[in-house]
Amino acid sequence: MSDCSTTPFPIHTSDNRYLILDINVIPILREKYRILGHMLGTLPQIPQQNVFLGLPMQLLPEEAKLLVDQGAAYLVDSKEVYRDWYKSLGEEEKEKILEERKHAEVMDGERRKQEADERKRKFWEKKRLDDLKKQGGETSLEGGSGSETPTVSERPETPIQTEYVVAAPKPPSGSTEVPNVPETYPLFKYLHEKEYYLSSGLRFGANYVAYPGDPARFHSHFCVNSKQFDEEFSMIDIVGGGRLGGGVKKGWLLGGVENTDESGKDNVRAFCVEWGGF
Amino acid sequence: MAESTAETPVSTSPKVAPQQPRKQQTKKPNYGIIHKDPLPLTITPTPELTLHNPLSVAHFLYSYFFAANNSHPVPLYTGTFNPLTSSVHITDERSVNDLWCRGFFGKGNLSRSEPTWLIRTQRRLGVIGADENLTSEEITERRRNERREFKAERARAEREKLEEILAREGKLTREQQMLAAQLEEDSKAASEDVDTSAVPDLSTLVAEPEARTNIEFENQEHLQLSLEEAFFLSFGLGSLQVLDPDTKKPLSPAQLLPLFRAHSYCPPLLQGVDPLQPDDPFLVSYAVYHHFRSLGWVVKSGIKFSVDFLLYNRGPVFSHAEFAVKILPAYEHPYYSSSHAGVARKQRAEKERTWSWLHAINRVCSQVKKTVILVYVEVPAPEQLEGKTVGEIMKLFRVKEVSLRRWLPTRNRD
């Protein structure tokens, strides 16, 4: 995609996940739309690490809705896109792809076998040398050095991975699908309009965490909790919230939709609880 | 948190005033003797029995059948139920003292935990010396003051060091020097202000030990028992008599149960209007309270950490609480999956438990180094309660504990 800042970009949906697959979109989301998302992709060799994460980026449903409502993005059903692309292929192309895949598998198998053989050979070689050393220390080196043994055979070339780029579908004209969002959306939108960066607050036992600027530069200010305006909740939750915020130097923010005016706009009010520590 | 005050070492600056020699630690009272009874009951062990010694057999039989003293306190401790605070108030000195010393029941209404208002007031009025019978509130306050002074001193030393360097490098203009001097004076004045306002200087207030004043005043404090504590003492142990606030007549456990369960709701239910429910907050939490008390734990309210109970190994004076208990009613009985009303009740209760709530209490409790225990209480069906006595009702509850710990893949790799 050449210029994503002007054109709406696709959000791929699958199983109620909202994914961004284009890396060029991410900085724009962050700078222009104050949308953080979070990275899902990890390193194939060390799948359990979570220090280096990459594409795809997952958006919260709230974030996706905000983008769609602003006309910055549109939803795309990943499954359908893939199906359409596959249908569009001719028989020959399909054959070709299958052939390539098979070839890659074979190559991979051969490479593994060779590596295993190599390891085995090295082991026996080392064992032979050790035995020789034990038998007569002074004569050990004559037949042993690596020069005589055949050098490691060249690694077979790794098969070339062919990338099949599924072209991003064109934005649908007319009405677009809108993500389903939880009840906490109005508060999310309210704080987002107040130029806060919001991310999921599960770590802090809240709905969201609000940052006054880019999280790379600022600590968060609030643990955001959304409630119905007349919802009853236990007083003990305020104690917990106050302590929770105090412990990590945040305010514990509580908010909800007070009323909805004629034009359908939600009037949100928010309150902040801080641990007094008298 | 206040509970972990590992003081960081003073910076190496020579300007820091040498640390005053630490005041002699006031001797702690011997808590082992004061709190030797785990519960307000007296246990008289029977003498050792030697079968071939007729004297021993006679002694044994005598003490077995004619026990010298009652295991219950005589007369029973008395408290009055207070509907406004939904608690039981204990005002007579013997009951207050014994209930705190033997099992750590209740809380002083003017104190953090142990009723210490009298001691603190006596000290303020000069009836007792500055370091006599220090209460836990005073110890905490002193520690915080020390810490505050230490921090102010450290900040001052660091600033002086910085100014010294600047002066040596000639970067401090005359104006700045003036400003710095001014600032210093201000801060000195401010810190003196803080010291005198926040911390009444005890040495000036308290007269010398010889010149003690003798002011007579009444103890304004009473002990508050939570509903669970009062019910345990009255129904579980039989050591406490709870009086009706109006008639001043003692209430039996069968009368207390409907009263207490009505007051476990906010606002309290009208008595006699709604029938007893199997998942009444009081019934469920009393089942848990009784469970842990019978296992020997000292159970105190956990409201300050947003949980239901805190479990102390021997008592709050001996160690910090190890566990934080959160009660979750579990609707396992077939009634809650088959009948319409049962399913609705189950869903209503489970709606309140969200993941973020669990994360929140776990975070709050791990900040203060407590392990969260989720206690599932299996709730019986409503029809099981009909026509049962208090003891039979309590037998219907089953308690299961699940310990919870925050697990981080990066920190727990061992």
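**Exercise 1. Which residues of chain B gather in a patch of positive charge on the surface, and where is Arg112(B) found?**

*Solution.* Step 1: the patch of positive charge on the surface consists of Arg112(B), Arg143(B), Arg144(B) and Lys304(B). In this predicted model, local features need pLDDT of at least 70 and side-chain atom pairs count only at pLDDT 80 or more, while totals for chains, interfaces and linings use all residues; side-chain values use heavy atoms, with hydrogens and water left out. Residues are numbered from 1 along each chain as its sequence is written, and chains are lettered from A in the order in which they are written.

Step 2: apply the terms. A patch is made of residues with over 30% relative accessible area and no salt bridge, like charges being joined within 9 Å. Lys and Arg count as positive and Asp and Glu as negative, whereas His and the chain ends are not counted. The place of a charge is NZ of Lys, CZ of Arg, CG of Asp or CD of Glu. Accessible areas come from the Shrake-Rupley method with a 1.4 Å probe.

Step 3: locate Arg112(B). It is found in the loop between strand 3 (107–108) and helix 4 (117–125) of chain B; helices (H or I, at least four residues) and strands (E, at least two) are DSSP runs numbered from the N terminus. With a relative accessible area of 46%, Arg112(B) is partly exposed; buried means under 20%, exposed over 50%, and partly exposed in between.

**Exercise 2. Identify the residues of chain A that gather in a patch of negative charge on the surface, and classify Glu92(A) by relative accessibility.**

*Solution.* Step 1: Glu91(A), Glu92(A), Glu93(A), Glu95(A) and Glu99(A) gather in this patch of negative charge. Step 2: Glu92(A) belongs to helix 4 (residues 91–135) of chain A. Step 3: Glu92(A) counts as exposed because its relative accessibility is 70%.

**Exercise 3. How many salt bridges are counted over all chains, and where do the partners Arg111(A) and Glu115(A) lie?**

*Solution.* Step 1: a salt bridge is a side-chain nitrogen of Lys or Arg within 4 Å of a carboxyl oxygen of Asp or Glu. The count by this rule is 17 over all chains.

Step 2: Arg111(A) and Glu115(A) form a salt bridge at 3.4 Å, N to O. Both residues lie in helix 4 of chain A, four residues apart, about one turn of the helix. Arg111(A) is buried at a relative accessible area of 16%, while Glu115(A), at 25%, counts as partly exposed. These two residues also belong to a network of salt bridges that links Asp108(A), Arg111(A), Arg112(A) and Glu115(A).

Step 3: in chain B, the closest N and O atoms of Arg156(B) and Glu153(B) are 2.7 Å apart, forming a salt bridge. About one helical turn separates Arg156(B) and Glu153(B), because they are three residues apart in helix 5 (residues 136–168) of chain B.

Step 4: Lys400(B) and Glu378(B) meet in a salt bridge of 3.2 Å, N to O. This pair links distant parts of the chain, with Lys400(B) in strand 11 (residues 398–404) and Glu378(B) in strand 10 (residues 371–378) of chain B, 22 residues apart. Lys400(B) is partly exposed at 45% relative accessibility, and Glu378(B) is partly exposed at 24%.

**Exercise 4. Which residues are joined to Pro56(A) and to Pro75(B) by a cis peptide bond, and what is the phi of Phe104(B)?**

*Solution.* Step 1: most residues other than glycine have a negative phi, and most peptide bonds are trans.

Step 2: Leu55(A) is joined to Pro56(A) by a cis peptide bond with omega about 0°; Pro56(A) is found in strand 4 (residues 54–59) of chain A. Val74(B) is joined to Pro75(B) by a cis peptide bond with omega about -10°, and Pro75(B) lies in the loop between helix 2 (54–65) and strand 1 (77–82) of chain B.

Step 3: Phe104(B) has a positive phi, near 55°. This residue is found in the loop between helix 3 (93–101) and strand 3 of chain B, and Phe104(B) is buried, with a relative accessible area of 2%.

**Exercise 5. Where does UniProt place the feature "domain: tRNA intron endonuclease catalytic" in chain A and in chain B?**

*Solution.* Step 1: UniProt, in an unreviewed entry, places this feature at residues 185–261 of chain A. UniProt positions are given in the numbering used here, feature names are shortened, and annotations may be inferred rather than shown by experiment. The span in chain A is 29% helix and 30% strand, and its end C-alpha atoms lie 17 Å apart.

Step 2: for chain B, UniProt places the feature at residues 282–378, also in an unreviewed entry. That span is 43% helix and 25% strand, with end C-alpha atoms 14 Å apart.

How values were computed. Patches are made of residues with over 30% relative accessible area and no salt bridge: like charges are joined within 9 Å, nonpolar side chains (Val, Leu, Ile, Met, Phe, Trp, Tyr) within 5 Å. Buried means under 20% relative accessible area, exposed over 50%, partly exposed in between (1.4 Å probe, protein chains only).
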